[in-house]
Amino acid sequence: MGKDPKLIVVSNRLPVEVVRTEDGLKYHPAAGGLATSLQSVRKQRDMVWLGWPGIHVWDDKERKEIERRLLKEYESVPLFLPPSDFDLYYEGFSNGTIWPLFHYFPQNAHYEAREWSAYKAINAVFRDKILEIARPGDLLWIHDYHLMMLPELVREALPEAKIGFFLHIPFPSSELFRMLPWREEILRGLLGSDLIGFHSHGYARHFLSSLLRLLGLEQEFGRVITGDRVVKVDTFPIGVDVGRFETAMGTKAVQKELADLEDQTRDRKIVLTVDRLDFTKGIVERLESFDHFLSENPDWHRRVTLISLAVPSRTGVPEYQALKKEVDEAVGRINGRYGRPGWVPIWYMYRFLPFDRLVALYGAADVALVTPLRDGMNLVAKEYLAAHPDGTGVLILSETAGAAEELGEALIVNPHDTEQISEALLHALTMSESEQMARNLPMLARLRRYDVVRWAEDFLGGLEPEIAPAKQQVQVRLDEAGLELLLEAYRSTNRRLLLLDYDGTMVPFAARPEEAAPDEELLTLLVRLVKDKKNTVVIISGRDLETLQDWLGEIGADLVAEHGAQIRRPGDTKWTRQTTEAPDGWKGELRPLLELYVDRTPGSMLEEKTASMAWHYRRAEPDLGDLRAKQLMENLEGVIANTPLVIMQGSKVVEVKESGIGKGRAALRWLDSDTIYDFILATGDDVTDEEMFEVMPDGAWSIRIGVDRRSAAKYSLRGTSAFRSMLRSLVGD
Ligand code: GDG
């Protein structure tokens, strides 16, 4: 096919269902939704769909036959999931834990260890199948809450894979999400992706805040660094195939349905609701609102019919059976109370309708009442608008549906507010056609622009390799070829200066600074570098001298502590304090202010060093920490104006220090010495290292560790483990 790489779409269910009937196996393709959206993608690239075919099959011959047909006719690869784990994974963990919790029904969620195990086991079955069919360069697009562990499982086996994940349901606030006993595992599972997509900005924000609060991972413009990888988090609100609804409205079949409907409802207004029968959809609450409307507005009796289509769902689950009973009863009660000969207020259908009939209902409805208590997006709202291309009709939409973020011109309601919904109904039923069009046409224009095809293309585009943002001084990422050049330069030189930062460069950040001690491998590497007579190795750190002494005192390197305030050369018995013009006693004056911030910010702490005082807030509640840091900086700025003190903000730390102390000035002690170095390497990760990069002579290898951002360094390396492997190559491993 085309030059684009193959796309493997992975979801719990295939877009085609295999059903066993008396006449043998039948294949029912699922219309609409994802299946349609990916039609146009199919035209541009090879694509296969991997998922459960909706049937358990034991007979090998039958399996082969299903496999053959699905691949040939539906470009689908069926995955026969082990029945022993299936219910625990599907009804259990997916629909009994994640579904209610993520829809803000924690009281409905249960937490069962064996369901969680089955969930992981089934995700691993998906992984195994992917490993069987994926080729290098293929794109993987994993869908939805049934498969949240899959990205990490695939990543472990295929570190170079391109993996996208899209969540179709809400991602809840971190306060809810943290109730899940396996919350960290789920987050790590998702972080195996390169791109994680959500319907709304709110869900993406919740996810990022869970990453920060539960895993301590920070984000920058939706990019999260985990280990050596960058994971992008972004918003892709799913659209509908507007053209399909417009076209359907013009067909004979739909027109006939419409005529029949009009015949039956005559001059009555139609209010329509369409949902899967699920507790998240707010069906009972909505019926109560309709009840309220009828009781408040007797003049609307006989003039309005509520057509309520409820699609059977998870019918084997007791909670869903109870819900069905509740809905049945509410409908019976309302019809009993208000119904008159010739007028049934609610027409209730509990079934799945063919597409034409559904479209006819959309077309006939004067009002669509879409009031889920929570919904990832809600396609019904969009489909209703698409079925009214002239812009007539009124959409009443719940503020807690993802769609509300895009469809702001609808009548937006709180799905729990009976009074408000009843008023919205009255407003909708009496709305002028010009107001209807003024509201709907802008929404329709948006739906046409960002339809389901654009949605899929947009997501897949986000998965393509990133073009570096056009920033000034973006560093060159040291790829294999670059590292080879560096190595060549290293090997062919004899007086080499290595200026190496410690935290964030040699070791990743730990939650507590004291936990970031060097491991055995690092110590061995450093000793080997120091032992090489051609090297001068300088560890140049912001750490206090005791820690540096304790951790690295024995390796024989030059040590620079506290950003240059203290220096110890190999063989020295003592550290040398670098002098500045700061008056004695400045710390005593500033200490009360800094201590005030420690008291006001739980989890933060004060560190005193020779020439500086640092307020650390890595362990504070993140938002409070950031706020307090800003306040502290402002406060300090006032106090230290016109003194030889400066304020520095590093990674989760605000530091006041004597000016004239810094890694730049410290580095100059070696650069300006009598030795002429023929190879200079400077590595660091944060703002305090920038001063060092700035004083590097031309020809030096200055390398920033971490994702690309503005820096005076010439090069960048992705993270501490990339740095570690560079060290290994330097010593010849
Ligand atoms: C999940 C998220 C998100 C319904 N009844 C009939 C019928 N339908 C079709 C509708 C619509 C679809 O089913 C329902 O889509 P929703 O978006 O409302 O809800 P979920 O199925 O829960 O989907 C949701 C969605 O994923 C996409 O990301 O929007 O928030 O929960 O397309 O037309 N179709 C036919 N007969 C019916 O009786 N033919």
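Ser 702 is a good place to start: with a relative accessibility of 3%, this residue counts as buried. Why does 3% earn that label? Because buried means under 20% relative accessible area. Keep in mind as you look around that this is a predicted model. You'll find Ser 702 in strand S29, which covers residues 701-705. And what does Ser 702 touch, once residues up to four places away in sequence are set aside? The list is Ala 682, Phe 693, Met 696, Ala 712, Ala 713, Lys 714 and Tyr 715.

Now hop over to Thr 688, which sits in helix H25, residues 687-694. Is Thr 688 buried or exposed? Its relative accessible area is 7%, so Thr 688 is buried. Its side chain has a polar partner, too: a polar contact of 2.6 Å links Thr 688 to the side chain of Asp 686. Not counting residues up to four places away in sequence, Thr 688 also touches His 563, Met 648 and Lys 663.

For the next stop, try a loop. Leu 217 lies between helix H9 (201-215) and strand S9 (219-220). Don't let the word "loop" fool you: at 18% relative accessibility, Leu 217 still counts as buried, because the cut-off for buried is under 20%. Leaving out neighbours within four places in sequence, Leu 217 is in contact with Leu 191, Leu 211, Leu 212, Val 224, Ile 225 and Thr 226.

Time to zoom out. How is the chain divided? There's domain 1 (7-235), domain 2 (242-449), domain 3 (483-577 + 661-730) and domain 4 (586-658). Notice that domain 3 comes in two pieces of sequence, 483-577 and 661-730, while domain 4 takes up 586-658. If you want a feel for the layout, the C-alpha centres of domain 2 and domain 4 are 57 Å apart, and the C-alpha trace of the whole chain spans about 105 × 65 × 45 Å along its principal axes.

Across the chain you can pick out 26 helices and 30 strands. Of the 733 residues, 55% are buried. Looking at contacts with a separation of 6 or more, 70% join residues 24 or more positions apart.

Finally, the outside and the charges. The chain exposes about 31800 Å², with carbon and sulfur atoms supplying 50% of that area. As for charge, the chain carries 90 positive and 114 negative side chains, and the centres of these two sets lie 3 Å apart.

How values were computed. Residues are numbered from 1 along each chain as its sequence is written. This is a predicted model: local features need pLDDT of at least 70, side-chain atom pairs count only at pLDDT 80 or more; totals for chains, interfaces and linings use all residues. Side-chain values use heavy atoms; hydrogens and water are left out. Domain bounds come from an automatic or database domain assignment. Helices (H or I, at least four residues) and strands (E, at least two) are DSSP runs, numbered from the N terminus. Buried means under 20% relative accessible area, exposed over 50%, partly exposed in between (1.4 Å probe, protein chains only). Contact means heavy atoms within 4.5 Å. Accessible areas come from the Shrake-Rupley method with a 1.4 Å probe; for residues, only the protein chains shown count as cover. Lys and Arg count as positive and Asp and Glu as negative; His and the chain ends are not counted. The place of a charge is taken as NZ of Lys, CZ of Arg, CG of Asp or CD of Glu. A polar contact is a pair of N or O atoms within 3.5 Å; within protein, one must be able to donate a hydrogen and the other to accept it, and residues adjacent in sequence count only if both atoms are side-chain atoms.
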